[in-house]
Every structure is written in structure tokens, then in C-alpha cells.
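Biologist: I would like a close look at one part of this protein. Please take me through the sheet and whatever packs against it, then add a few words on other parts for context.

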Amino acid sequence: MTPTTSRRSSVAEPAVTQLPADPRIVPTRFAGLQAAQALLPVSCPGPHGHLASASPEEIEAVMRRVWPGGRDAENRRARGARILLQHLDGFPGGSWQQRWEASGLNEAHQPVNVLIPAYQGRKEICTGAACLFGLRVIRPSLLALRSTRLHGYGERFLAAQHDPLLEDFWKRVQDHPVHPVHHTAALFDVTVALTTQGITLDDLTPEAFLHYVWQSRDQGLNMKARGKQNRGQFAGQLAWPVLHEMGLFPPSTPPTVRAAVLTGRRTLEELVDRYEIRHQGVRQLILDYLARRRSELDYSSLDQHARSLAGLFWAKIEALAPGHPDLRIDAELCEQWREALNTRENGQGKRHEVERILRSVRSFYLDLHSWAVEEPERWAPWVAPCPIPDNALRGLSVQKRRTKERIDDRIRQRQPLLPTLVAHLEDRYHHLREILRQASSLAPCEAFAVEGRSYQRAWSLADEKRQRRGGQANVRVRDLTSAEDINVTTAEELAFWEWAAVEVLRHSGVRVEELLELTHLSVRQYQRPNGEVIALLVIAPSKTDRERVIPMSAELFAVIAAIIRRHTRAGRAIPLIQRYDQHERRMSEPMPFLFQRQLGTTRRVISPATVLVMLRRRCDDLAGHHPDFRAAGFTPARLPQAAGHRPGQQRAADPHRSRPTRTFEPPDNPGLRRRLQRGRGPPLPGIPRPAPRGPAGR
């Protein structure tokens, strides 16, 4: 059985064959998956015999047999391996692995090429080290292996193993329609994980591969993304789903790296025990209280109640009065708690959600009073007078009105500036789209003009390398006026999503979260008795906990159609992908989300933070040369409120906005209602019908 370790357990100790289990570790990873280094096998998985104690001549003979080629190439590989083995021979140990560890080369920032001063010799010793790693003569740590640049290590390791399973993995990776550089990265990730953990592909578990993913991420060791500035990236983006498809991972394993590393839902015990309550009776009372209310709360509200009751109420009471016996709080202690509550934990600034916390604590006491009547044996021992009087919450309604007045005032100031932002996004998107259309068919260094601005088709060595390796090079141009190089492929895609997000927000009035939950199945239609077809947009239940159906205006319909056409180019269907809900801490079912895009080897739904970052860039551009825009402090956080109507709120008339958002109720016709629910009826012009969903999408 694989021992449970922290996801940050070290691989710098290759001699350890069994990792100690840590009882303090709580499975907080998604689906309970924890990272753990694989156990070393009893016998070495060397495909060419046990070479750990072989002589340099025997190892050289195996190298010539495994990697045949020209005489010069064979001699360079053999010379590099011989130099490294001669250096290791001067250290104590009964095997090459023990000598490797004694030499200090198994630590970070100790590349093997420092042993040779000449450039050509450095290349040879790096190649020789890669051959020794591939033959399982030496098992380096991850930090040691990545300290040395090993070009083509994945293919070299694959040729040495003679493993049909690994060859099948490589074939499946190459079948994925992504750039070949991602194929190489997937093979590199798997081969490095097998090398550093001393196992075969058949022994690679999800926990072991996740251990490699976390170690690479924490140390900034991802392929093509080395250094401290890339520590937030995860390796194995393509390798993980291929391993999952091959059946090497159990069916319950998350299908992607992103799903495996995301924090899942915590149990009630984990939510409460974050605050280390010493009074076990009160701890159990809070657990029972939350368990009873769990059915009526979503996860984010449950987490918020646990934080209010366990962390901000009772944990502070215990800090102020250690050993307090029950829920009876006198006036002096309550006043001390209120003063401590007004200040944040870091001591910086005043806490703004005091009213919400007081309301949660008061509800806790009053619920105990009412439940004690129904179940006195369970709740009556804890009944106590509520320390929060009625007048403590009387200013809440006044505060809400003042907050709404400030929000409405900001909206009235910013709403006249919305057409400026819309015009800027439209002009930028159409300009970049025209550049992309003209530059795609031009030869390198050929000049052209768009809207009076001169550009020149650029062609870099990286583009030539991408095309030579079977990929499609990005379209790049140089602005001859500013001498700036522009990646038009990336810039046009980013400009499209910026424009689409603003257009849908302002024409529908939905929230950013509701915007990103739109799918191809959200587009419905209703046919009137006179034959007229009305396009409908279904908004999934979100903050208001109710589903809405919006009759689409012509402008909103055009934007939705443009998004769908972009996804369905070349006859493709909109991919079914999952979306992670940050509030509910869970992945959705695979759905054809509209606001999704390709990022490297994976497709992801755009996150709310990404939408705000994209729009903030455009707001900063406008604020640089638009005085009114800069003076009003227009920010994307208030864009949905300034752009559209919300149910239950009044907004000033806006000629650029479509009809108000409202719940659409078709005639009382059961057959018509069923057609709307199933998406049937005459097709809408310009929008292809969604593909039928499989069992996973229902």
C-alpha cells in the first residue's frame, strides 16, 4: 500500500525506499487524491539487466547496442558517460547510485556539465548522463535531473526501455491534435517521473504522478517554463488525460491535472477544526447545528456559517476567556468580543461584515431556543440568553439603503461612459481581425496597410521551428509606426473575448458568473402562432436561485451567434468540458460552454477573474488618454451594473441596452413548454442546433 505523504514531500532523498506516513495530513485535494512518491520496487526495472554495479566497459557496450547510429555519435555518448563514471569512481559506495549520492550531484543546482570546462565536453557529459539515467544505472532526484539540460530525454528514455505500454502511451499522445511541442512535453513529464521514482509505467499511480506534478510546480521545473516566475504552472497537462484514457488510473481519478489539484469540498469536521476549538462540547454542538442546516444551505453559505460561529465567535470567546464553560456570555465579555470582532485578524483595517456575523450568531442562539422545544434532550442543555440584543441589528436596514444609494450613484456616473468602452473594444477587435485576415496569406517581410496604418509580416525562428515540427505558426506582424511586434493570432482571440463579454453583459444584464455558465443549450426558441421565432437565452440559477429566460434582442443574438460560429468552425461541435465552481468547490458535468478557449493542451472555461483582468486592461488603456474616463474611475467590477438591468433594481434608461431582463412565461400550453425545455422547434437562423448530449451531459 502506498503510504500517505504530503504533496510537498521531498524527492531529494533517493535512498529512502519507504516514506513515513504523517497522521496530521488531511485529504484536502479534489476527490481525496493526495500526492505520494511511489514505493521503490524490490527489483530494479532495468530493461538491460542490473547495471548498478557494472563496469564502465559493460555499460558502454549496452549504450552502443541500445542507441545505434554513426560512429561519431556513439563515441560522443560513450565518452560523456565514461567521464561521469570516472568522476563517480572516486567516491565511496558499492554501486553507482551510492557513489552518485556521495558525490553531491544528487542535489539541486549541481549540473553534471560543471565537471568539464570545454563547451563540447559539456554537451558530451550531458548526453552521457542522460544515457545512464535511461539505462537505470543512476536514479537521480527530480532537482538533480532538472539541473542539467537533457535535450531529447523523452525519446532517449523510450528507446532504452522496450516497454510496449510506454510506446502505446507515446502513440496516443501523438494522436492528440495539439502542437508537437506539447507531445514532447507529455513524454518528458512521464519519463522524468519514471526515472526519478525508479518505476515502470505500469507502476505509476495517480498519487505518484501528482507528486511529480506538485514538485515540478513548486520548484518551477516545468518543461519550457523554468524559473521562479513560472512556479504557478502545472506539469502533465496532456500526459494525465492520456494516462486516464489508457486505464492506468482508476475510474474515480479526476480526468485532468487541474481537477486533481483543485481544492475540493471540506467535511463539516474540517470546516470547524480549522479554528482549533478546545471546548469539545461546543465543538460538537456547532457540528450538529451545521449538520442540521446543511440541507438548506449551499456550500459557500455553509462555509461562511462555520467561519462565523467557530472562528469569529467561539474561538475568539476562548481567546478572551479561556475555559469558558457554556454559551452564556455576560455583557462585559460580549463587549470585549464585539471590540475584537471589529478589527481584522491581521490588525489592518476595520471589518466590514460585522453585521453578517452578528446575524449568524443571533440565528444560532434563536435556533437553539426553537429546536429545544422539539428535541429537548439534544438542544435544551445548550439553551442560553442571546448576547446580541435586537437593537444591535436595527441599523442594518439603514446601512443597506445607504450602500445601495452609493452603488446607484456610482452607476449614474459611469453609465454615460459605457459607449466609450464599447466603441473602443469594437474598433480594436475589428482592426485586429482585419490584420489577421490580410497577414495570413502574406509572405514574410511583405508590407500592407489597415485603416491607414502600415504593418509588415514578421517571421521568427520560433515560427519556422513550429512549422517545421508540424505545427501552425502564429501570425505575427510589425507595426512600422511604433516598431512593435504583435502576435496577431493571440491578440485577435483576446480582443474577441473582451468584446463578446462586454456585449453579452450589457445586452443581457447578467452577472459575470452567469455569463460564464452560458452553454450552447442555453439558446432556445419559441415560435408564436403567427410563425415568428423568438430567440431565448436561458440563465441558469445562480445567486438568485431561480432560472430566467431572456428574449434576446438582435444585438445580443448577433453576439451569441458569433461565439457559436467561432467554436464550430470547420464543422466542429462545441467541445464538452467541465467548469470548476469556486464557490461550490466542485466540477460541473461536461457541457458545451460558450465562454471557453484553448490554453495549450487543454480547453477551459474562462474564469471570472480572467474576465475582470481582460476588461481592466482595456479600462487602463482608455484611462490613459480619456480624461472623463479616468476621472470617473471606471472599473470592470461595476460593468454589469452599469451595463444592464437586474431583477428588483431600477436603472436609468439606456438607449444602447436591449429590453429589460425578465422571466419569460410562454402561453399555458404543456406541449409548447416541453418543446422549450428540450430545445425543439424550428432552428434559429445563424445558430446551429446543439449536438445531442450523451449520458454525461444530461
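Modeller: Keep in mind that this is a predicted model. Let us start with the pairing of two strands. Strand 5 covers residues 476-479, and four bridges join strand 5 to strand 6. The two run antiparallel. One facing pair is easy to find: Arg476 stands opposite Asn487 in strand 6.

Now widen the view. Strands 5 and 6 belong to an open sheet of four strands, in the order 3-4-5-6. The pairing in this sheet is antiparallel. In general, strands of a sheet pair through backbone hydrogen bonds. Look at the edges next. Strand 3 (447-450) and strand 6 (484-487) stand there, and each has a single partner strand, so one side of each is left without a neighbour in the sheet. The sheet also twists, by an average of 35 degrees from one strand to the next.

Helices pack here too. Helix 19, residues 418-439, lies across strand 3, strand 4 (453-458) and strand 5. Helix 19 runs at about 150 degrees to strand 3. Helix 21, residues 488-508, packs on the sheet as well, and touches strand 5 and strand 6. The direction of helix 21 makes about 65 degrees with that of strand 6.

Turn to a helix elsewhere in the chain. Helix 2 has 18 residues, 71-88. At 1.5 Å a residue, helix 2 should span 26 Å; its end C-alpha atoms are 26 Å apart, which agrees. Several residues of helix 2 are buried: Glu74, Arg77, Ala78, Gly80, Ala81, Leu84, Leu85 and Leu88. These buried residues cover an arc of only 160 degrees around the axis, which puts them on the same side of helix 2. On the other side, Arg71, Asp72 and Gln86 are exposed.

Last, the aromatic rings. The whole structure holds 19 aromatic pairs. Take Trp100 and Phe133. Their ring centres are 5.7 Å apart and their planes stand at 80 degrees, so the pair is edge-to-face. Trp100 sits in helix 3 (residues 96-102) and Phe133 in helix 4 (residues 119-134). The two are 33 residues apart, and the pair links distant parts of the chain. Both Trp100 and Phe133 are buried.

Phe364 and Tyr365 make another pair. Their ring centres are 5.9 Å apart and their planes are at 80 degrees, so this pair is edge-to-face. Phe364 and Tyr365 are both buried. They also belong to one aromatic cluster, with Tyr289, Phe313, Trp314, Trp337, Trp371 and Trp379.

Conventions
Residues numbered from 1 in each chain as written. Predicted model: local features only at pLDDT ≥ 70, side-chain atom pairs only at ≥ 80, totals over all residues. Heavy atoms only, no water. Pairing = 2+ DSSP bridges. Axes fitted to C-alpha atoms, helices over the stretch in contact; angles between N-to-C directions. Contact = heavy atoms within 4.5 Å. Expected span 1.5 Å × (residues − 1). Buried < 20%, exposed > 50% of the residue type's maximum accessible area, 1.4 Å probe, protein only. Arc of directions from axis to C-beta. Phe/Tyr/Trp six-rings, centres within 6.5 Å; stacked < 30°, edge-to-face > 60°.
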